[in-house]
Amino acid sequence: MLRISKEHVTDILDKNNVPAAYCCDGDTVVFETRDCYDGSITSEERPYGDKPDPLENPATGPLYINGAKPGDVLKVEILDIVVANQGIMRTSPTAGAFHEAYDTKTARIFPIVNEQVQFDDKLTLTIDPMIGVIGTAPSGEGILTETPDYHGGNMDCNKIVKGSTLYLPVGTEGALLSMGDLHALMGDGEVMICGLEISGEVTVRVSVLKNCILPTPFLVSRGKASTIQSAKTLDEAGKMAATKMFEFLSVVLHGNIVNAGMLMSLKSDMAVCQVVDPLKTVRVELPLEIFEAYGYQIP
Ligand code: CA
Ligand code: CA
C-alpha cells in the first residue's frame, strides 16, 4: 500500500507544491502525520518547545491523484485513523475564546492507554480521533494550513472521523491532497485553542467524481450529511453553510425551494466546528434518510 511518510510536510496548501506521491483513482493511501506543534513539545517543563522553527500545523502530502482535473470532486473515504500513545495540549495567552485568562503558555502531555485519557484523578475520557487539517490545493492562491476555506484545510470538524467520507473540490491537476493536525479528542468549537493534539496515521481511499453536484467541502459521517463553510465571522459561515445545503436540497427536491426551506428548518442542525482559526467554521447537518426518501444516492 502506498504510504507517505511524515518527512513530506508543508505549512501551505498550494498548487505549486511538488507531489510527495502519485496514485490512481480508487487507490488506498496511508498518510503519516506530525502533530500540530511539529513534534516540538516533548516535555511539560518546556511548553514553548524544543525546535527553533517548528511548522505551524504541518500537513503531510501532497498526494497527486491521476485523472483528477479542476472542476471534479475528490471523494476521500477515511478508512482508519491511528493515533500515537500520547497527546498534547497547550494554553495560549494570545488566541482562543478566553485567552485573557492566561499570561503564559502551559503544556500538558496526556498518555493514552486503551483509547482512554486520564485527564486527572477524577476524570477519564474516551478518545474519538479526528482530522483537523485536510484539503486539496486551492484553485487560487496558496492557503496556509492554519486556515480553513473553500478547499478544506484547517476545518477542525470533529465529525471527520474513521468511517466518514469527505468530498473536496479539485482546484488543480491531480488534486494534491494533504492532511495533518490530528486530534485524539476535541469538542465542537475547539474553544480554548487546541484539541488533544497528536501524531498518527490516516488511511484513505481516494476517488475522482466527474460532473458531481455536491457542495464542497461536504461530509458524510455518522448518519448525517454536512456542508462545511468558513468565513471571517460565525454569522457569515453559518449563512454560507445553510445556503449551500438549501441549494443542494432544492436540487434533490427537483427545484421545490419551499419544501426544501421548510425541511431545512425542521431537520437541519447548525453546529460550530471551530472559533479559533483565522476563519471560523460552521457545518449544517441533515440526516441521510432525507436524501434516501427522495431517491437521491450520495455518490
Ligand atoms: Ca486545527
Ligand atoms: Ca490542532
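1. In what sense do strand β7 and β16 pair, and over how many bridges? The model is a predicted one, and in it β7 (residues 73-83) and β16 are antiparallel partners, with five bridges between them. One of the residue pairs is Leu74 with Leu168, the latter being the partner in β16.

2. Strand β16 also has a partner in β20. Strand β20 (residues 218-221) runs antiparallel to β16, and three bridges join the two. Here Tyr167 has Phe218 of β20 as its bridge partner.

3. Burial of β16. The strand covers residues 165-169, and five of its five residues are buried. On one side these are Thr165, Tyr167 and Pro169, and on the other Leu166 and Leu168, so that both faces are covered. Two residues named above for their bridges thus appear on opposite sides of β16: Tyr167 on one and Leu168 on the other.

4. The calcium site at ligand 1. The donors to this calcium ion are OD1 of Asn154, an OD atom of Asp181, and two entries for Asp156 (OD), at 2.2 to 2.4 Å. The spacing of the donor residues along the sequence reads N-x1-D-x24-D. Asn154 belongs to the loop between β15 (152-153) and β16, whereas Asp181 belongs to strand β17 (residues 177-183); the pair therefore ties together parts 27 residues apart in sequence. Since buried means under 20% relative accessible area, Asn154 qualifies with a value of 2%. Asp181 counts as buried too, at 2% relative accessibility.

5. A second calcium ion. Which residue bridges the calcium ion (ligand 1) and the calcium ion (ligand 2)? That residue is Asp181, and the two ions lie 3.4 Å apart. A reader setting up charges or restraints will find Asp181 listed in both roles: as a donor to ligand 1 and as the bridge to ligand 2.

6. The largest pocket. Its space comes to about 540 Å³. The lining consists of 26 residues, and those nearest the centre are Cys36, Tyr37, Glu56, Arg90 and Ile193. By class, the lining has 10 nonpolar, seven polar and nine charged residues.

7. The second largest pocket. The volume here is about 280 Å³. Among its 16 lining residues, Met89, Leu185, Met186, Cys194 and Leu196 lie nearest the centre. The lining divides into 12 nonpolar, two polar and two charged residues.

8. Gln229 and its surroundings. This residue sits in strand β21 (residues 224-231). Is Gln229 buried or exposed? Its relative accessible area is 8%, which means that Gln229 is buried. Apart from neighbours within four places in sequence, Gln229 is in contact with Thr216 and Pro217, with Ala237, Met240, Ala241 and Lys244, and with Lys280, Thr281 and Val282.

9. Glu45, in a loop. The position of Glu45 is in the loop between β5 (28-33) and β6 (59-65). With 67% relative accessibility, Glu45 counts as exposed. Its C-alpha atom is 9.0 Å from that of Arg108, a residue 63 places away along the chain.

Methods
Residues numbered from 1 in each chain as written. Chains lettered and ligands numbered in written order. Predicted model: local features only at pLDDT ≥ 70, side-chain atom pairs only at ≥ 80, totals over all residues. Heavy atoms only, no water. 1 Å grid on protein atoms, 1.4 Å probe; cavity = no way out; pocket = protein on both sides within 12 Å on 5 of 7 lines; lining within 4 Å. Points joined across faces, edges and corners; volume = space filled by probe spheres on them. Nonpolar A, V, L, I, M, F, W, Y, C, P; charged D, E, K, R; others polar. Buried < 20%, exposed > 50% of the residue type's maximum accessible area, 1.4 Å probe, protein only. Helix = DSSP H or I, 4+ residues; strand = E, 2+ residues; numbered from the N terminus. Pairing = 2+ DSSP bridges. Donors = N, O, S within 2.8 Å, 3.2 Å for Na, K, Ca; no water. Contact = heavy atoms within 4.5 Å.
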